[in-house]
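Here are a few exercises to work through with your viewer open. Try each task before reading its solution.

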Amino acid sequence: MTTTMTKPPADAVPEPPKNGGRRRGPKAARAGGQHHAGPVAYIILIVFTLVSIFPLFWTAVAASRDNARLADTPPPFWFGANLFEKLEVAWSDANLGEAFLNTTIVAGVSSLTIVFLSTIAGFAFAKLRFRGRGALMLIVIGTMMVPPQLQVIPLYMMVAKLDWTDQLQAVILPSLVSAFGVFFMRQYLLQALPDEIIEAARVDGAGSWRVIWHVVFPAARPAMAVLGMLMFVQTWNDFLWPFLVLTQLGNPTVQVAVAGLGRGYTPDQALIMAGALLSTLPLLLVFAIFGKQIVGGIMQGAVKG
Amino acid sequence: MPTRHDSAAPPTEGGAAPARPPVESAAEERRRARLSRRWQRDVRWSPYAFVSPFFLLFVAFGLFPLLYTGWASLHAVELTAPTDMSWVGLRNFTRIFDDEFFWNAARNTLIIGVISTVPQLMMALGIAHILNYKLRASTFYRVVMLAPYATSIAAATLVFVLLFGRDYGMINWGLGLLGFDHIDWQNGEWYSKIAVSTIVIWRWTGYNALIYLAAMQAIPQDLYESAALDGASRWKQFLHVTLPSLRPTILFTVVVSTIGASQLFAEPLLFDANKGASGGSQHQFQTLGLYLYEQGWVNQHLGRASAIAWTMFLILIVVGIVNYVISRRLRASS
């Protein structure tokens, strides 16, 4: 979806007087705005960027120091020598190997399932006619409003009754539905999938599942990728439910394991920071690689067609 | 507009096809009819097949728990024996009204919600406005601003606990350089709330900025041009073109942030130096989400926790209605 298409060529509007002398580079032209940003705008952005990154950077700094140095003033601003040693200790202390495996399974299974179910449901809502479509779509949107606290108590009772506490399926099953996902895919398919293509496939004798497989999935692939990444980030970072249901430390997700590091009675701050860093590293890596696509996806989901 | 694909299928019965060639055998006729019936069944029922997994899962893990929480809130249930329920009627709810900790938590949730949501959304609006200019490396800023969103609540909170430390925390050190006294971020009635809000603001401002930016880019450019022709300054344009066009998006983010704020749990849980669920030594930053957890999982009264959950839900519905009414008013007055 292009939201900038209605804009006239940038040359049609006069430059602001403040920085009228600056040339338009190709990068600047891509941004889509009407005027060039002034120096004040850049300063604000840079400050905001630093504030966004600093806690993450400092997590690494703190993880590389020993506790005596952390309890000193001024606090350290640059790396010490202990980083890898602390990461290793945090890795073994919080049983992070197992936690990473668990979280990867949970986030992987949930996000793949959500993407699949959201795509077929989003396709039905966007392109097929059936009785009750409007009402059902309203219900989907309504479910986004229900706070998770309302659900955890019975879910906990169910899981306890099934004897699933401390097992991964207890975390996975409730996270398989995403109303947001259905909404997101519907919005995308409304625009990205022309009716004629479906009709053509129909005329050629394709049944509904063939249409899904050969027409909808290829057309929806970019949105599926973005939704998958968003859902992966969300389930990876989920805290409340795994925290409640994985109470024995044997089988936690990364978030629960790291929170456990912070809740010892003699906290080793550098160690906690090492755990915090490790828990976030995979996602930051994902962001470093796919950041642009994720940003595009969030912005796309934000504009309701 | 979706197409009615069933019209593409040939009619099955009746006299709709008089010009059919007579050479077809009876078997061929039956085969066609069968194919066509299957076709129509497919067109008619497959939409339900496509949406049903979502609704089945939702009923099992969304709707049923929601209703069951209501049922449990009318009983005395303990965590130790979740299947042992004895009817107490509305007692769990009436108890809430005399419960000072509930009201304390409700007040804290409201305060933390306001002081995290309002600055967050205003800053997001400003950042989005700047990002909407022509910029060098604009994608870089957008991606970097989303880094806090990718950070888990647990990791973010643990870092901020250290940054907000009373004696050696970096924030107090910075304030000391500026000549301020050290602040006890953990124990101060207001300071602790500000600290918890800061974590929320840090994680979500960039995300909301991107949502606003997307909406800003959808505003037709000629609106700005005609405003400029009328002699409106940039600031006037922002006030009279950008803001009104963004109103639905702003309302959306307000609703989402309100829901998020009402659910605050991990931040106050992990911010607590006493490692408990009481939200500080004086319950100064205990939110409703945390109080629910304390009642249900620390004090093990699941029935009471259910009543708290439903009360929260009712409050949210009221907030939602108020939001809706206000936005209607705003729209009517403009």
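The exercises below concern a predicted model.

**Exercise 1. A contact between two chains**

Task: Describe how helix H2 of chain A and helix H4 of chain B are placed with respect to each other, and find which residues meet.

Solution:
- Begin with the two elements: H2(A) runs over residues 39–63 and H4(B) over residues 138–145.
- Next, take the axes, which come within 9 Å and cross at roughly 35 degrees.
- For the handedness, the crossing of H2(A) with H4(B) is left-handed.
- Then list who meets whom. H2(A) contributes A:Tyr42, A:Leu45, A:Ile46, A:Phe48, A:Thr49, A:Ser52 and A:Ile53. On the side of H4(B) they meet B:Phe140, B:Tyr141, B:Val144 and B:Met145.
- Finally, sort the residues of this contact by character: nine are nonpolar, two are polar and none is charged.
- A reminder helps in reading such lists: an α-helix has 3.6 residues a turn, so residues three or four places apart point the same way.

**Exercise 2. A helix that falls short**

Task: Compare the span of helix H11 of chain A with that of a straight helix of 30 residues, and locate its bend.

Solution:
- H11(A) covers residues 208–237.
- At 1.5 Å a residue, a straight helix of 30 residues would span 44 Å.
- Between its end C-alpha atoms, however, H11(A) spans only 36 Å.
- Now look for the bend: H11(A) turns by about 65 degrees at A:Arg221. A proline, A:Pro222, follows within four residues.
- Put the record beside this: an unreviewed UniProt entry places a "transmembrane region" at residues 211–233 of chain A, among others. In the model that span is 100% helix and 0% strand, with its end C-alpha atoms 30 Å apart.

**Exercise 3. Annotated spans in chain B**

Task: Find how much helix the model has in two spans of chain B annotated as "transmembrane region", residues 246–266 and 307–326.

Solution:
- Both spans come from an unreviewed UniProt entry, which also includes residues 45–68.
- Residues 246–266 are 86% helix and 0% strand, and the end C-alpha atoms are 31 Å apart.
- Residues 307–326 are 100% helix and 0% strand, with the ends 29 Å apart.

**Exercise 4. The surroundings of one leucine**

Task: Which residues are in contact with A:Leu136, leaving aside its neighbours within four places in sequence?

Solution:
- Place the residue first: A:Leu136 lies in helix H6 of chain A, residues 133–143.
- From its own chain, A:Phe125 and A:Phe130 are in contact with A:Leu136.
- From chain B come B:Val51 and B:Phe55.

How values were computed. Residues are numbered from 1 along each chain as its sequence is written. Chains are lettered from A and ligands numbered from 1 in the order in which they are written. This is a predicted model: local features need pLDDT of at least 70, side-chain atom pairs count only at pLDDT 80 or more; totals for chains, interfaces and linings use all residues. Side-chain values use heavy atoms; hydrogens and water are left out. Axes are lines fitted to C-alpha atoms, for helices over the stretch in contact, and angles run from 0 to 180 degrees between N-to-C directions. A crossing is left-handed if the near helix is turned anticlockwise from the far one by less than a right angle, and right-handed if clockwise. Contact means heavy atoms within 4.5 Å. Ala, Val, Leu, Ile, Met, Phe, Trp, Tyr, Cys and Pro count as nonpolar, Asp, Glu, Lys and Arg as charged, and the others, Gly among them, as polar. The expected span of a helix is 1.5 Å times one less than its number of residues. The bend at a residue is the angle between axes fitted to the seven residues ending there and the seven starting there. UniProt positions are given in the numbering used here, feature names are shortened, and annotations may be inferred rather than shown by experiment.
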